[in-house]
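Student: I would like a close look at a single part of this model. Please take one helix, then follow its surroundings outward.

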Amino acid sequence: MTHDYEYQDRQVELDRERQFRLGEGKISGYCSVFLGALSLLSVLAYLYPAYLTTTELRQVYDAAFLQGLLKYGMYFSLFFGILTFVLKKYRLLGTIGIFLTTIAFAIGGHNLPLKGTEAHHLSLGLDWLILAFLGSVFIFMSLEKLFPKYKNQVILRKEWGLDLAYFCFNHLAISAIIIYANHTASRFHWAVNPDFQASVQSTPVLFQLLLVILSADFVLYWEHRLYHEVKLLWPVHAVHHSVEDLDWLAGSRGHFIQVFSERAMVMLPLYLLGVGEQVLGLYVTLAALQAVLIHCNLDLPFGFLKYIIVTPQFHHWHHSSERPAIDTNYSAHTILFDWVFKTMHLPGKHWPAKYGTTQPLPRTYLGQTLYPITSQLSKYYK
Ligand SMILES: [Zn+2]
Ligand SMILES: [Zn+2]
């Protein structure tokens, strides 16, 4: 029983070293570097779209329009870089930003002719990385600034670089993930029933979407629960739980085995249901947004919705290392299956006081990637 547990408020000290303050040049420095890096990567994507962009995503965005935005990105990177010299601080960041943008200009800039590309099988999702990064910064970082749960938590919090590395890897690998997920699902072709699929497709779009959400939720619930309850699988998933400050970037931390297996598992019900592209697109968009949202440092008033869908408070409890919250809140979309299988933990207005794992994990990308192996070896060589 958990009623004897005393909930405490989490204390977050303001880290002045890591804080962004206006007029110091630090904001300009980081804006210059990030815009410079994104510009350079974008130009590379326009140069080699067959190898560096995602077939599925290219159909959704307007490459010519984005090239117009790229122009602004490049000039703003230069502008912010110069600003660091005016403010006389963080000039190294400004120099790096200007350097990256200069290379972007040198290899073609924002005037490259648009190339038509055939559907390539395997490519790097540079376009997905850039668009997801910009979208997350605009939507989620703004929301976090407007409605923060922990006001003192800074953007460049501890281990943000590590999570950015995960963000990059998981987005670049999108085409490999899709190929793997489709391949895995297609092995269940014997279970496809055309009559059943036809009757699903004849129902209203909203009903199909609900069906997809609930069936994906069911699969994700059990996949997630197994990662927690099967001893051999836990070290893979523990990587995701090793974050100790949650925000929009924290949810990216995930072992590649988990990332690949999760997408493959969720593809199976979508494949068997045979819903149309429109429903699939809606589901993928909602799922991607919710996956980021639930990790955010965000205290939005969800009202009664918090007892229907997975919200930041619900998933933050899943990341808590406090006793009553261990191995609870597995759901990804709605809270239905946590409620049905009695693994729900949502104590009123309380939020966790502590995040992370009860056993410490390595703090580097390589260390965490090898953790499923090293954690087993350490049992034998103690
Ligand atoms: Zn988990
Ligand atoms: Zn999570």
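Tutor: Start with the buried residues of helix 7: L162, D163, L164, Y166, F167, N170 and H171. Keep in mind that this is a predicted model. Helix 7 runs over residues 160-172, 13 residues in total. From first C-alpha to last it reaches 18 Å, close to the 18 Å expected at 1.5 Å a residue. An α-helix has 3.6 residues a turn, so residues three or four places apart point the same way.

What do the buried residues of helix 7 pack against? Their partners are helix 1 (26-47), helix 6 (126-146), helix 8 (174-186), helix 11 (234-241), helix 12 (256-273) and helix 16 (365-369).

F167, one of the buried residues of helix 7, also belongs to an aromatic cluster. Its fellow members are F20, Y30, F34, F133, W160 and W248. W160 stands at the start of the 160-172 range of helix 7.

Now the wider aromatic picture. The whole structure holds 23 aromatic pairs. One of them joins F188 and W190: the ring centres are 5.9 Å apart and the planes meet at 40 degrees, so this pair is tilted. F188 is partly exposed, at 31% relative accessibility. W190 is exposed, with a relative accessible area of 64%. Y221 and Y330 make an edge-to-face pair, 5.6 Å centre to centre with 90 degrees between the planes. Y221 sits in helix 10, whereas Y330 is in the loop between helix 14 and helix 15 (336-340), so the pair ties together parts 109 residues apart in sequence. Both Y221 and Y330 are buried.

Charges also sit over rings. R10 lies over the face of Y150, 4.7 Å from the ring centre. K71 lies over the face of Y72, at 6.0 Å from the ring centre.

Last, the metal. Which residues are the protein donors of the zinc ion (ligand 1)? They are H224, H228, H237, H241 and H318, each through NE2, at 2.0 to 2.1 Å from the ion. Their spacing in sequence is H-x3-H-x8-H-x3-H-x76-H. H228 in helix 10 (residues 205-229) and H318 in helix 14 (residues 312-318) link distant parts of the chain, 90 residues apart. Are these two buried or exposed? H228 has a relative accessible area of 9%, so it is buried. H318 is at 3% relative accessibility and therefore also counts as buried.

Terms used: Residues are numbered from 1 along each chain as its sequence is written. Chains are lettered from A and ligands numbered from 1 in the order in which they are written. This is a predicted model: local features need pLDDT of at least 70, side-chain atom pairs count only at pLDDT 80 or more; totals for chains, interfaces and linings use all residues. Side-chain values use heavy atoms; hydrogens and water are left out. Donors are N, O and S atoms within 2.8 Å of the metal (3.2 Å for Na, K and Ca); water is not among the atoms, so sites may look incomplete. Helices (H or I, at least four residues) and strands (E, at least two) are DSSP runs, numbered from the N terminus. Buried means under 20% relative accessible area, exposed over 50%, partly exposed in between (1.4 Å probe, protein chains only). The expected span of a helix is 1.5 Å times one less than its number of residues. Contact means heavy atoms within 4.5 Å. Rings of Phe, Tyr and Trp (its six-membered ring) pair if their centres lie within 6.5 Å; planes under 30 degrees apart count as stacked, over 60 as edge-to-face and the rest as tilted. A charge sits over a ring if NZ of Lys or CZ of Arg is within 6 Å of the ring centre and within 35 degrees of the ring normal.
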